[in-house]
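Okay, can everyone see the screen? Let me pull up the chain and walk you through a few spots in it.

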Amino acid sequence: IVGDTERMLHTFGNRGLRIRNAEAGLVAQNIYMAAASMSLGCGAILGFENIAINQFLGLEGTGQTTLLLLLVGPQRGGWGRFDYKLLPVKACQV
């Protein structure tokens, strides 16, 4: 999902960032729903190297920048290797 931050700021002022992110969220939600309707898995990637991805996608000089990456494909079988026992457990104090 890509967006043009400068254009959104020019059009909507300071609210442009919120509107850009809301639109990106709507697109992501629609992709998740479409994937689910086709029995596909979908997952978001956050914290990626924007500059490298922008170069890879040829977005330089277009005003567009990557906002969110989504992976769509066959659902993985089984569970991940997350082991909750490795997390420290703190007792709740009332």
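So, A44: at 40% relative accessibility it counts as partly exposed. For the cut-offs, buried is under 20% relative accessible area, exposed is over 50%, and partly exposed is in between, with a 1.4 Å probe and protein chains only. A44 sits in strand β2, residues 40–45. Helices here are DSSP runs of H or I with at least four residues, strands are E runs of at least two, and both are numbered from the N terminus.

Before I go on, the housekeeping: this is a predicted model, local features need pLDDT of at least 70, side-chain atom pairs count only at pLDDT 80 or more, and totals for chains, interfaces and linings use all residues. Residues are numbered from 1 along each chain as its sequence is written, and side-chain values use heavy atoms, with hydrogens and water left out.

Back to A44. What does A44 touch, if you skip residues up to four places away in sequence? Y32, L68, L69 and L70, where contact means heavy atoms within 4.5 Å. And the C-alpha atoms of A44 and L71 are 6.4 Å apart, with the two positions 27 residues apart along the chain.

That kind of pairing leads to the whole chain. Take the contacts between residues at least 6 apart in sequence: 60% of them join residues at least 24 apart. The protein chain has three helices and four strands, and from the N terminus the order reads β-α-α-β-α-β-β. There are 94 residues, and 18% of them count as buried. The accessible surface is about 7,900 Å², with 59% belonging to carbon and sulfur atoms; that's Shrake-Rupley with a 1.4 Å probe, and for residues only the protein chains shown count as cover.

Now the one I'd click on: R20, in helix α2, residues 16–37. R20 is buried yet has no salt bridge, and the nearest side chain of opposite charge, D4, is 8.2 Å away. A salt bridge here needs a side-chain nitrogen of Lys or Arg within 4 Å of a carboxyl oxygen of Asp or Glu. On charges, Lys and Arg are positive, Asp and Glu negative, and His and the chain ends aren't counted. So which side chain makes a 2.5 Å polar contact with that of R20? That's T5. By polar contact I mean N or O atoms within 3.5 Å; within protein, one must be able to donate a hydrogen and the other to accept it, and residues adjacent in sequence count only if both atoms are side-chain atoms. Beyond its neighbours within four places in sequence, R20 is in contact with T5, M8 and L67.

D4 has its own job to look at: it caps the N-terminal end of helix α1, residues 5–12, with a side-chain oxygen 3.3 Å from the backbone nitrogen of E6. After α1 comes G13, with a positive phi near 70°. Also in α1 is R7, which is exposed at a relative accessible area of 61%. The C-alpha atoms of R7 and Q64 are separated by 9.3 Å, and the two are 57 residues apart along the chain.

Staying with phi for a second: S39, in the loop between α2 and β2, has a positive value near 55°, and it isn't a glycine. S39 counts as exposed, at 62% relative accessibility.

Next, helix α3, residues 50–57, which holds N54. N54 is buried at 11% relative accessibility. A polar atom of the N54 side chain lies 3.0 Å from the backbone nitrogen of T66.

Last stop, the surface. V2, F56 and L57 form a nonpolar patch, with about 330 Å² of accessible area together. Patch residues have over 30% relative accessible area and no salt bridge; like charges are joined within 9 Å, and nonpolar side chains (Val, Leu, Ile, Met, Phe, Trp, Tyr) within 5 Å. V2 itself is in strand β1, residues 2–3, and is partly exposed at 39% relative accessibility.
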